[in-house]
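Reader: Please take a close look at one part of this model, the pocket that ranks first by volume, and then work outward to the residues around it. I would like one connected account.

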Amino acid sequence: MKVEIDSNSGFCFGVVTAIRKAEEELDSSGQLYCLGDIVHNASEVDRLCGKGLETITHEDLGRLHDVKVLLRAHGEPPRTYSTALANNIKIIDATCPVVLQLQRRIKQAYDEGVEAERKGGSKPLIVIYGKNGHAEVNGLVGQTNGEAVVIQDVSGIDTLDLNRDILLYSQTTKSLEGFREVVEEIKKRKKEGDFRYFDTICRQVSNRMEKMREFARTHEVVIFVSGAKSSNGKVLFEKCKEVNPRTHLISEESELDPSWTEGAETVGVCGATSTPLWLMEKVAETVRVSHGE
């Protein structure tokens, strides 16, 4: 049996940077707080917790003083920075550059809309195609003083006031195909007012989708490794399963079922942008051992 790990899988550069910054601080001080899970993968979170990383909530942040807190790649709304400043908290900012640029674009668009309204004009409706409640999306909505509307799919268009001017952006890890569907549906339904849309999907994420589908096509069985909280993982897993029905989703090697790979000559192991390479290697080795390789 040949067991191969997908070379295009694993951490995106934003996650790599966040983990590097966390490890640098932990190596020097042995303690660091992180606002939310540093990555949507329980195994990697546990590994870093073992080094001294402590995950906190926004409520915890309000109670802490005079400590260091890492902001993960997903980004944060402005109020998080205000709380940190008020509590003398040193921020180690690991916001992904792609997310940071998107936050700035949305804030600028919102501020321009507020100024236009002040002068007697109309303020456009800012719409974000993304997952409601996702950390990145919360950070984006925060740039608009909470006024942006989040839609998760085409059905969310029903909630929009299509008579207003609309500016549409996307969460960086959403599917390009889904974004295009939303764009076309708004175009179809909108009878008046301006509609501008901005493809803000990270190409490192979207480009790996087709590569991963090709990887899934070329293996008899695919083991997809992803944390339960990973939105990106859910999307990529479904794309793999579309082209290879013998694709199985697990979060760690203990969930493997040897019957999945029985009789297969080629097994592919791949994962989300939040899946560490060491975990995929562990899964691949477990598959090999279970078949006496």
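Author: Helix H7 (176–189) and helix H9 each contribute at least two residues to the lining of the largest pocket. The model is predicted. H9 gives the largest share of that lining, 4 residues. The lining has 16 residues, and those nearest the centre of the pocket are Tyr129, Gln152, Lys174, Ser175 and Val235. Sorted by class, the lining of this pocket holds 4 nonpolar, 7 polar and 5 charged residues. The volume of the largest pocket is about 250 Å³.

Helix H9 spans residues 231–243, and Gly233 is located in it. Gly233 has a relative accessibility of 1%, so it counts as buried, the limit for buried being under 20%. Leaving out residues up to four places away in sequence, Gly233 is in contact with Phe224, Ser226 and Ala272. A pair far apart in sequence is Gly233 and Gly52: 181 residues separate them along the chain, and their C-alpha atoms are 26 Å apart.

Tyr129, one of the residues nearest the centre of the largest pocket, is also among the contacts of Ser170. Ser170 belongs to strand E8, residues 166–170. Its relative accessibility is 0%, and Ser170 therefore counts as buried. Besides Tyr129, Ser170 touches Leu102, Phe179, Phe198, Thr200 and Ile201, again not counting residues up to four places away in sequence. Ser170 and Gly130 are 40 residues apart in sequence, yet the distance between their C-alpha atoms is 6.1 Å.

The second largest pocket can be described in the same terms. The space in the second largest pocket is about 210 Å³. It is lined by 15 residues, with Arg72, Gly133, His134, Ala135 and Asn138 closest to its centre. The lining of the second largest pocket comprises 2 nonpolar, 8 polar and 5 charged residues.

Next come the cysteines. The count of disulfides is 0. Cys49 is in no disulfide, and the nearest cysteine sulfur, in Cys34, is 8.9 Å away. With a relative accessible area of 33%, Cys49 is partly exposed, because that class lies between the limits of 20% and 50%. For Cys270, the closest cysteine sulfur is that of Cys240, and the two do not form a bond because 4.3 Å is too far; a disulfide needs the sulfur atoms within 2.5 Å. Cys270 has a relative accessible area of 0% and is therefore buried.

That leaves helix H2. H2 runs over residues 42–49, and its buried residues are Ser43, Glu44, Val45 and Leu48. An α-helix has 3.6 residues a turn, so residues three or four places apart point the same way. The cover over the buried residues of H2 includes helix H1 (13–29), strand E3 (53–56) and helix H10 (277–290). At the N-terminal end of H2, Asn41 acts as the cap, with a side-chain oxygen 3.2 Å from the backbone nitrogen of Ser43. Ser43 thus appears both as a buried residue of H2 and as the residue whose backbone nitrogen lies 3.2 Å from the Asn41 oxygen.

Technical notes. Residues numbered from 1 in each chain as written. Predicted model: local features only at pLDDT ≥ 70, side-chain atom pairs only at ≥ 80, totals over all residues. Heavy atoms only, no water. Buried < 20%, exposed > 50% of the residue type's maximum accessible area, 1.4 Å probe, protein only. Contact = heavy atoms within 4.5 Å. Polar contact = N/O pair within 3.5 Å; in protein donor to acceptor, adjacent residues only side chain to side chain. 1 Å grid on protein atoms, 1.4 Å probe; cavity = no way out; pocket = protein on both sides within 12 Å on 5 of 7 lines; lining within 4 Å. Points joined across faces, edges and corners; volume = space filled by probe spheres on them. Nonpolar A, V, L, I, M, F, W, Y, C, P; charged D, E, K, R; others polar.
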